[in-house]
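Work through the exercises below with the model open beside you. Each task is followed by a solution in steps.

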Amino acid sequence: MTKRLLCVLNREPVWPPPIWLMRQAGRYLPEYRAIRAEAGTFIELCTRPELAAEVTLQPVRRFGLDAAILFSDILMLPWALGYGLRFQDGEGPVLPRLEPGDIERLDLRRLPDAIAPILETVQRVHTALDDECTLIGFAGGPFTVACYMIEGGGSRGHARVRAMAYREPQHLAALIRRLTDATISYCAAQAEAGAEVLMLFDTWAGLLSPRLLRQHVVGPTRNIVAALKTRFPDVPVIGFPRLAGTLLGEYARVTGVDAVGMDTVTDPAVAASLVPAETVLQGNLDPMALCTGGLALATETQAILSALRGRPHIFNLGHGILPETRPEYVAELVRLVRSA
């Protein structure tokens, strides 16, 4: 049996491209909603390995995708470092708003014990997957995780973190250094537990000016990738610097990631001209096209496939799947890609 995702990441020719979807496990699936009701809180769901493993496997069973991605959340890392976190229904993550004095209290010594249940989930999924499906582990990019900590949760304009970048740059830099060290440890532990690919989600990279993006996204990602490659040279790393624009090529060259995720607004043909020829491109169907289905889904899917034919490519979304998406549209997307 051949793991098509790993073949692409090893720069082997694969067509049609392998497919998996960001947020492929989640509330658009009725089987997920049943498990979620059993778990109680979202953090309990992430830290009960038997439930988190089941949720991770559900979309693979239903759709025959080429990868399973660990069911967890990027904010489980600050939680593991002793930083307060809860998930409020209808509101999302809620954290204490970080003050500079909080940085030194992020305790890396807590990490091994705190993430043990998550690593058990990785082990369970690794054992359960067949010989054709790849297991992806992940973490948030340090800057993106810092955004949630500084803002106290989600934010429309992220004014507080952007102000800190200019007014208190030493504090933001210190926080990102601490999170970078923790991310290296966290991702390495996932690789040891059985993750075959690692992905870094920098959802809020596009908030920053080019100078600050280089400092707070590209630089930390380069350090994370270098550390992971030293220990796990055969574990590919996918980077997702959302809304990085024309800096996508520089991100790919400087960080050393094996693949780059394209967001919804990125033109695949332009991305292919920007990044090195050996860098795999991942993406970038609009989640709303998937949610709409029908002709819109078919047209957008074919446009991406046509633009990237002949180039190492992993088919995915440009952002996470929408909760109101109908499962039958996901099944149709898989059929469209597989029949390309």
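**Exercise 1. Strand pairing around S8**

Task: Determine in which sense, parallel or antiparallel, strand S7 pairs with S8, and over how many bridges.

Solution. This is a predicted model. Step 1: locate strand S7 at residues 259–261 and strand S8 at residues 280–285. Step 2: read the pairing, which is parallel and runs over 3 bridges. Step 3: check the register with one pair of residues; Val260 stands opposite Leu281 in S8.

Task: Find how S8 pairs with S9, and which residue of S9 stands opposite Asn284.

Solution. Step 1: strand S9 covers residues 313–317. Step 2: S8 and S9 pair in the parallel sense over 5 bridges. Step 3: the residue of S9 opposite Asn284 is Asn316.

**Exercise 2. Burial of S8 and S9**

Task: Decide whether strand S8 is largely enclosed or open.

Solution. Step 1: take the cut-off, by which a residue is buried when its relative accessible area is under 20%. Step 2: count the residues of S8 that meet it, which gives 6 of 6. Step 3: conclude that S8 is largely enclosed by the rest of the structure, because each of its residues is buried.

Task: Sort the residues of S9 by the way they point, and state whether they are buried or exposed.

Solution. Step 1: His313, Phe315 and Leu317 point one way from the strand. Step 2: Ile314 and Asn316 point the other way. Step 3: all of these residues are buried, and with 5 of 5 residues buried S9 is mostly covered.

**Exercise 3. Unusual backbone geometry**

Task: Identify the residues joined by cis peptide bonds at Pro16 and at Asn284, and place each bond in the fold.

Solution. Step 1: recall the background, that most peptide bonds are trans. Step 2: the bond between Trp15 and Pro16 is cis, with omega about -5 degrees. Pro16 sits in the loop between helix H1 (4–9) and helix H2 (30–39). Step 3: the bond from Gly283 to Asn284 is also cis, with omega near -15 degrees. Asn284 belongs to strand S8, where it faces Asn316 of S9.

Task: Compare the settings of Arg11 and His158: which is buried and which is partly exposed?

Solution. Step 1: most residues other than glycine have a negative phi. Step 2: Arg11, not a glycine, has a positive phi of about 65 degrees, and His158, not a glycine either, has a positive phi of about 50 degrees. Step 3: Arg11 lies in the loop between H1 and H2, whereas His158 is in the loop between helix H7 (142–151) and helix H8 (159–167). Step 4: Arg11 is partly exposed at 35% relative accessible area, while His158 is buried at 1%. Step 5: leaving out residues up to four places away in sequence, His158 touches Cys147, Glu151, Trp204 and Leu207.

**Exercise 4. Sequence separation and distance in space**

Task: State how far apart Ala226 and Pro236 are in sequence and in space, and describe the setting of Ala226.

Solution. Step 1: Ala226 lies in helix H10 (residues 210–231). Step 2: its relative accessible area is 45%, so Ala226 is partly exposed. Step 3: Ala226 and Pro236 are 10 residues apart in sequence, and their C-alpha atoms are 11 Å apart.

Task: Do the same for Asp130 and Asn10.

Solution. Step 1: Asp130 is in the loop between helix H6 (111–128) and strand S4 (134–140). Step 2: Asp130 counts as partly exposed, with 45% relative accessibility. Step 3: Asp130 and Asn10 are 120 residues apart in sequence and 20 Å apart from C-alpha to C-alpha.

**Exercise 5. The whole chain**

Task: Test whether the radius of gyration of the chain agrees with that of a compact globule.

Solution. Step 1: for 340 residues, a compact globule would have a radius near 20 Å. Step 2: the chain has 19 Å, which agrees. Step 3: add the extents of the C-alpha trace along its principal axes, about 55 × 45 × 40 Å.

Task: Summarise the secondary structure, burial, contacts, surface and charge of the chain.

Solution. Step 1: the chain holds 15 helices and 9 strands. Step 2: 59% of its 340 residues count as buried. Step 3: among contacts with a separation of 6 or more, 73% are between residues 24 or more positions apart. Step 4: the exposed area is about 13700 Å², of which carbon and sulfur atoms supply 51%. Step 5: the mean positions of the 34 positive and 36 negative charges lie 4 Å apart.

Definitions and conventions:
Residues are numbered from 1 along each chain as its sequence is written. This is a predicted model: local features need pLDDT of at least 70, side-chain atom pairs count only at pLDDT 80 or more; totals for chains, interfaces and linings use all residues. Side-chain values use heavy atoms; hydrogens and water are left out. Helices (H or I, at least four residues) and strands (E, at least two) are DSSP runs, numbered from the N terminus. The radius of gyration is taken over C-alpha atoms; the globule rule is 2.2 Å times the number of residues to the power 0.38. Buried means under 20% relative accessible area, exposed over 50%, partly exposed in between (1.4 Å probe, protein chains only). Contact means heavy atoms within 4.5 Å. Accessible areas come from the Shrake-Rupley method with a 1.4 Å probe; for residues, only the protein chains shown count as cover. Lys and Arg count as positive and Asp and Glu as negative; His and the chain ends are not counted. The place of a charge is taken as NZ of Lys, CZ of Arg, CG of Asp or CD of Glu. Two strands pair if DSSP finds at least two bridges between them.
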